[in-house]
Amino acid sequence: LVLTIITMLGGITFTYFSLIAKEKKDSTKIQTGTISINYIDGKEINTYALLPIDEPTLNTKYSVYQKRFSISSNGTLDQYMDMYIDVTKNEFAPSALGFVLYDSDNNKIAKGWIPKVGKVLMSSNIYLKSGETKNFTVLIWLQENNQNQDYEQGNTFVGGFDIDARQIKYE
């Protein structure tokens, strides 16, 4: 019985010190990736009306919905982001509303059409370093089709922006 207890204590002690010796420095440290979104212009829609126009530019002042926002990485990990427009209600005709996405250098990085409902990918795999902030501008407009578009008057569009981030894990 005494020999069994001594053998057990020896085994437990050996196991304990083996685990301690194998433990790496900061092995219990947890790293996270978090982002924050800042709507620079506020949350309200800053347009009077969506009148039919051809694709606008950043200098277009009327008949376009313009939203400027920044995304900041506040965590300890770098990450890749996918940006979506999440449409919950769109009374406009199919492919009537277009969007274009610009980066902070005024480079057009995406262009597309807004569906009746659901998510539409604006841009994917945008790299954001830990501690970095990137600025973007989205323009949404009613596309001119060279026909009478009076039937679009009074239509509404409801949606938001979704940002999906994937943290980059370092070994």
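**Exercise 1. Is D162 buried, partly exposed or exposed, and what is its relative accessible area?**

Solution. The coordinates belong to a predicted model, in which local features need pLDDT of at least 70, side-chain atom pairs count only at pLDDT 80 or more, and totals for chains, interfaces and linings use all residues. Residues are numbered from 1 along each chain as its sequence is written, and side-chain values use heavy atoms, with hydrogens and water left out.

Step 1: fix the classes, where buried means under 20% relative accessible area, exposed means over 50%, and partly exposed lies in between (1.4 Å probe, protein chains only).

Step 2: apply them to D162, which has a relative accessible area of 24% and is therefore partly exposed.

**Exercise 2. Determine which side chain meets that of D162 in a salt bridge, and which strands the pair ties together.**

Solution. Step 1: take as a salt bridge a side-chain nitrogen of Lys or Arg within 4 Å of a carboxyl oxygen of Asp or Glu.

Step 2: the side chain of K119 meets that of D162 in such a bridge, with an N to O distance of 3.4 Å.

Step 3: K119 lies in strand β6 (residues 118-128) and D162 in strand β8, so the bridge ties together parts that are 43 residues apart in sequence; strands here are DSSP runs (E, at least two residues), numbered from the N terminus.

Step 4: K119 has 45% relative accessibility and therefore counts as partly exposed.

**Exercise 3. Describe the salt bridge between R166 and D82, with the exposure of each partner.**

Solution. Step 1: the side chains of R166 and D82 meet at 2.9 Å, N to O.

Step 2: this pair links distant parts of the chain, since R166 is in strand β8 and D82 in strand β3, 84 residues apart.

Step 3: R166 is partly exposed, with a relative accessible area of 35%, whereas D82 is buried, with a relative accessible area of 12%.

**Exercise 4. Place the salt bridge between E55 and K111, and state how many salt bridges there are by this rule.**

Solution. Step 1: by this rule the count comes to 5 salt bridges.

Step 2: in one of them the side chains of E55 and K111 meet at 2.6 Å, N to O, and this pair links distant parts of the chain, with E55 in the loop between β1 (35-39) and β2 (65-73) and K111 in strand β5, 56 residues apart.

Step 3: both partners are partly exposed, E55 with a relative accessible area of 26% and K111 with one of 48%.

**Exercise 5. Find where D164 lies and which residues it contacts.**

Solution. Step 1: D164 is in strand β8 (residues 157-167) and, at 33% relative accessibility, counts as partly exposed.

Step 2: with contact meaning heavy atoms within 4.5 Å, and with neighbours within four places in sequence left aside, D164 is in contact with Y80, M81, D82, Y84 and K119.

Step 3: D164 and I35 are 129 residues apart in sequence, while their C-alpha atoms are 9.6 Å apart in space.

**Exercise 6. Locate S95 and N106, and give the phi of each.**

Solution. Step 1: most residues other than glycine have a negative phi.

Step 2: S95, a residue other than glycine, has a positive phi near 60°; S95 lies in the loop between β3 (79-90) and β4 (97-103) and, at 46% relative accessibility, is partly exposed.

Step 3: N106, although not a glycine, has a positive phi of about 65°; N106 sits in the loop between β4 and β5 (108-113) and, at 52% relative accessibility, counts as exposed.

Technical notes. Helix = DSSP H or I, 4+ residues; strand = E, 2+ residues; numbered from the N terminus.
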